[in-house]
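Grab a coffee and work through these exercises with the structure open beside you. Try each task yourself before you read its solution.

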Amino acid sequence: MRIGELAERAGTTTRTLRYYESRGLLAARRTENGYRTYDEDDLRLLQQIRTLQDFGFDLEETRPFVDCLRAGHPAGDACPASIAVYRRKVAELDGLIEQLQAVRAEVGAQLLRAEAELPHGPEPRCELGTERDTESAGTTEG
């Protein structure tokens, strides 16, 4: 298949595919007239990259998975280098979760403090029933 078809089937752009090619993640074969051609293995490789990026992996972190697929493994995560990337990503996510939990605890504490300082909760900010509304309601001519 040509680059446009691959881009469409992979849900990306031809520009992105050319970028992946320049980074060595996607290898294009060329026809006699210079057109790039790809096959189903290339589509599977792109799907692997896209899935990993959706999970928050940066492009360079996808390289071991791509290499694993190119080595003939049916899944890109069946190689030691891919597993090492998974482990690093899980550790990174655990750290982010800890940070978010700490921030959440601090915001929750601030909320409790702020609520405790209000005797009867916050004042309503409703525009209905203000002096201007009651004055205009009482000045109807009949």
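**Exercise 1. Find which residues of H3 are buried, and what they pack against.**

Start with the list: in H3, Asp42, Leu43, Leu45, Leu46, Gln48, Ile49 and Leu52 are buried. Here, buried is under 20% relative accessible area, exposed is over 50%, and partly exposed is in between (1.4 Å probe, protein chains only). Helices (H or I, at least four residues) and strands (E, at least two) are DSSP runs, numbered from the N terminus.

A quick word on the ground rules: this is a predicted model, where local features need pLDDT of at least 70, side-chain atom pairs count only at pLDDT 80 or more, and totals for chains, interfaces and linings use all residues. Residues are numbered from 1 along each chain as its sequence is written, and side-chain values use heavy atoms, with hydrogens and water left out.

Next, look for partners. The buried residues of H3 pack against helix H1 (3-10), helix H2 (14-22), strand S1 (29-30), helix H4 (63-70) and helix H5 (80-117). A contact means heavy atoms within 4.5 Å.

**Exercise 2. Check the length of H3, then inspect its two ends.**

Step one is the ruler. The expected span is 1.5 Å times one less than the number of residues. H3 has 15 residues (40-54), so it should span 21 Å, and its end C-alpha atoms are indeed 21 Å apart.

Step two is the start of H3, where a side-chain oxygen of Asp39 comes to within 3.0 Å of the backbone nitrogen of Asp41. That fits the rule for a polar contact: N or O atoms within 3.5 Å, where, within protein, one must be able to donate a hydrogen and the other to accept it, and residues adjacent in sequence count only if both atoms are side-chain atoms.

Step three is the far end: just after H3, Gly56 has a positive phi of about 100°. For a second case, go to H4, which is followed by Gly72, with a positive phi near 100°.

**Exercise 3. Work out how the rings of Phe57 and Phe65 are arranged.**

Searching the whole structure turns up 3 aromatic pairs. The ring centres of Phe57 and Phe65 are 6.0 Å apart and their planes are at 85°, so this pair is edge-to-face. The cut-offs: rings of Phe, Tyr and Trp (its six-membered ring) pair if their centres lie within 6.5 Å; planes under 30 degrees apart are stacked, over 60 edge-to-face, and the rest tilted.

Now widen the view. Phe57 and Phe65 are both buried, and together with Tyr86 they form one aromatic cluster. Lys89 lies over the face of Phe57, 5.1 Å from the ring centre. To qualify, NZ of Lys or CZ of Arg must be within 6 Å of the ring centre and within 35 degrees of the ring normal. Arg2 does likewise over Tyr35, at 3.9 Å from the ring centre.

**Exercise 4. Describe the surroundings of Ser82.**

First, place Ser82: this residue is in helix H5. Then check exposure: Ser82 is buried, with a relative accessible area of 0%. Leaving out residues up to four places away in sequence, Ser82 touches Pro64, Phe65, Cys68, Gly76 and Asp77. Finally, zoom in on Pro64, whose backbone oxygen lies 3.3 Å from a polar atom of the Ser82 side chain. Pro64, Phe65 and Cys68 are among the buried residues of H4.
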